Amino acid sequence: MLKLQNISKSFGGVQAVKNCSFEIEESCITALIGPNGAGKTTVFNLVSGFFNPDKGEIFFQKQNINNLPIWKRSRLGISRTFQLSRMFRNLSIEDNLLIALREDDDKFFKMFMRGIEGDAQEKNRIREMMDFVGLKKDPSTIVTDLSYGQQKLFDLARALLNNHTFLMLDEPVAGVNPVLRDTLKELLKKLKSKGETIFVIEHDMDFVRSIADTVIVMDQGDVLAQGTPVKVLSDKSVLEAYLGINI
Amino acid sequence: MFPFLIYILTLVCIYAIIVMSLNLAMGYTGLVNFGHIGLFGIGAYTSAILTTKFDWPFVFAILSAGILCAIIGALLSIPSRKIKDDYFALLTLGFLFVTGAIFINWTDMTRGTLGIRGILRPEGFTEPNSFLILTFIAALVTFFILEKVTKSPFGRVLEAIRDDELVAESLGKNIDRAKMTAMTLSGFFVGIAGVLMAHFIRFINPASFWLDPLVVALAAVVIGGLASLRGSILGVVIVFAVSESLRFLSLPSTMIGPMRVILFMIVLLVVILFRPKGIIGRADLD
């Protein structure tokens with residue numbers, strides 16, 4: 001579904017990603033792990049289109065997306081969350097989610113005659129999604145009133161409502177309590193059973209082991225290892241680079 | 001007293017259009033456009049030149065001015081793709097300086113600092129009372145159109161862009177097109193306000209479109225509240241009430257100007273400190 005071919009990206013003198021290549025299969029959960037500064041989020045940002053690679057090519061569903069703007073990549077089906085929740089902070093949960101749900105609301109003439117109230121079907125869909133992720137809040141709540149854990153759930157709901165075929169989650173369980181972590185784990189398993197393709201950055205190895213079909217390990221901007229969690233997490237070079245264990 | 005009230009109410013209606021259109025760009029879309037008053041001036045000069053030099057009828061002049069300002073507004077939005085936030089505000093301030101320089105130096109058309117005199121009011125609206133009705137209708141139409149825009153799903157996308165344009169784009173929104181649309185509409189309406197001002201005062205010069213009206217418009221947006229059209233109208237009313245109330249105090253004439261600025265700043269400071277969203281605004285100043 002997604003293929004990175006010899007991707008490199010530098011920021012000034014720092015080479016964040018160098019000659020990185022890997023592929024992601026459809027209907028699988030692929031985890032991207034690695035020490036801080038390994039280039040994981042940069043890879044996410046390159047795939048989303050926040051940065052353009054200095055070198056190399058990115059293919060999504062066999063289409064080269066190197067030169068596509070962010071919004072076109074989203075419309076191709078790439079949806080993502082952020083390491084630290086980013087929200088439309090002056091808007092309600094419902095408004096935030098309606099923006100994710102509606103595809104053509106940036107078209108002025110088409111939307112000019114429509115009222116801001118979502119129609120019943122769209123509002124129902126939002127409530128269903130909030131129930132699905134376990135976000136128990138009044139939809140009219142301003143998003144900044146959400147707690148950290150609720151923001152993580154909100155992030156997931158928004159990424160799911162955005163019309164997509166490929167879901168990228170940047171540290172979905174970072175800093176959340178064990179109960180919420182288990183909830184998110186079950187949610188991702190449910191999504192996988194529905195055929196979702198998920199690409200996730202995560203540091204929690206138990207979480208990765210329990211959900212991922214494939215693990216890609218990055219170190220210093222390059223892919224260090226790739227394979228099943230059992231194989232990768234017992235790889236000597238991975239244990240040395242990531243977990244700091246000298247074998 | 002009565003003619004003075006009509007004069008003030010007419011100015012309030014014109015400024016309401018300026019401030020509502022500025023709020024569309026600044027409060028709803030997050031594009032701080034200091035060049036707004038430059039567009040106001042372009043609207044005024046376009047209509048003044050077309051009606052006094054080329055004898056165009058008022059209707060064609062107002063439409064041409066609105067369309068020209070809409071186009072320039074659209075062009076002004078293009079740099080916002082790369083230049084963000086404070087830097088965009090500085091760029092638009094530069095645009096205001098450029099328009100000021102054009103008004104002063106393109107003497108063949110603008111008569112430079114001498115300004116353009118003898119701008120006639122449109123037929124049927126030559127009296128102050130009837131011109132007030134015209135400006136009131138224009139303000140009302142502006143309000144209803146902008147209310148419809150901002151209360152539509154498109155308006156919500158503009159607010160999303162204001163809050164976090166990268167996230168809005170990552171949700172599939174063509175933010176460049178949306179920003180351009182907002183600036184086009186904003187430009188159109190402020191151009192119309194410029195035309196009304198030129199035909200109301202019947203004399204324009206470069207000083208009419210400089211920093212003073214910009215300060216009034218920005219203060220009204222902040223006091224009334226970002227992302228609120230009703231707030232914009234309220235902001236204009238407060239700004240005019242504060243500024244004109246000094247006329248009724250027995251102050252020496254040399255004191256009125258400085259006192260007006262001092263009062264203005266006090267109101268602005270109080271609002272920013274105690275109500276960062278403005279009186280009825282929906283977005284904060286961050």
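Is the crossing of helices H9(B) and H11(B) left-handed or right-handed? The crossing of H9(B) and H11(B) is left-handed. This report describes that helix pair, a second helix pair in chain A, a group of strands in chain A, and the contact between the chains. The model is a predicted one.

**Two helix pairs**

In chain B, helix H9 covers residues 211-224 and helix H11 covers residues 253-274. Their axes lie 9 Å apart and make an angle of about 35 degrees. On the H9(B) side, the contact is made by B:Ala219, B:Val222 and B:Ile223, and on the H11(B) side by B:Phe264, B:Val267, B:Leu268, B:Val271 and B:Ile272. By class, these residues are 8 nonpolar, no polar and no charged.

In chain A, helix H5 (residues 120-133) and helix H6 (residues 148-161) have axes that come within 9 Å of each other and cross at roughly 130 degrees. An angle that is neither under 35, over 145 nor from 65 to 115 degrees counts as oblique, so H5(A) and H6(A) are oblique to each other. Their crossing is right-handed. From H5(A), the residues A:Met129, A:Met130 and A:Val133 meet A:Leu153, A:Leu156, A:Ala157, A:Leu160 and A:Leu161 of H6(A). This contact has 8 nonpolar residues, with no polar and no charged ones.

The table sets out the two pairs.

| Helix pair | Axis distance | Angle | Source of helices |
|---|---|---|---|
| H9(B) and H11(B) | 9 Å apart | about 35 degrees | chain B |
| H5(A) and H6(A) | within 9 Å | roughly 130 degrees | chain A |

**Strand S9 of chain A and its partners**

Strand S9(A) spans residues 214-219 and is mostly covered, with 5 of its 6 residues buried. S9(A) pairs with strand S3(A), residues 29-33, in the parallel sense over 4 bridges. Here A:Thr30 has A:Thr214 as its bridge partner in S9(A).

S9(A) is also joined by 5 bridges to strand S10(A), residues 222-227, and these two run antiparallel. A:Val215 has A:Gly227 as its bridge partner in S10(A). S9(A) and S10(A) form a hairpin with 2 residues between them. In the turn, A:Gln220 has a positive phi of about 50 degrees.

**Where the chains meet**

How many residues does each chain give to the contact? Chain B gives 27 residues and chain A gives 27 residues. On the chain B side, helices H6 (128-150), H7 (153-170) and H8 (175-201) each supply at least two residues. H7(B) provides the largest share, 13 residues. The side of chain B that touches chain A consists of 11 nonpolar, 6 polar and 10 charged residues.

Technical notes: Residues are numbered from 1 along each chain as its sequence is written. Chains are lettered from A and ligands numbered from 1 in the order in which they are written. This is a predicted model: local features need pLDDT of at least 70, side-chain atom pairs count only at pLDDT 80 or more; totals for chains, interfaces and linings use all residues. Axes are lines fitted to C-alpha atoms, for helices over the stretch in contact, and angles run from 0 to 180 degrees between N-to-C directions. A crossing is left-handed if the near helix is turned anticlockwise from the far one by less than a right angle, and right-handed if clockwise. Two residues are in contact if their C-beta atoms, placed from the backbone, lie within 7 Å. Ala, Val, Leu, Ile, Met, Phe, Trp, Tyr, Cys and Pro count as nonpolar, Asp, Glu, Lys and Arg as charged, and the others, Gly among them, as polar. A residue is buried if 20 or more other C-beta atoms lie within 10 Å of its own, exposed if 12 or fewer, and partly exposed in between; C-beta atoms are placed from the backbone. Two strands pair if DSSP finds at least two bridges between them.
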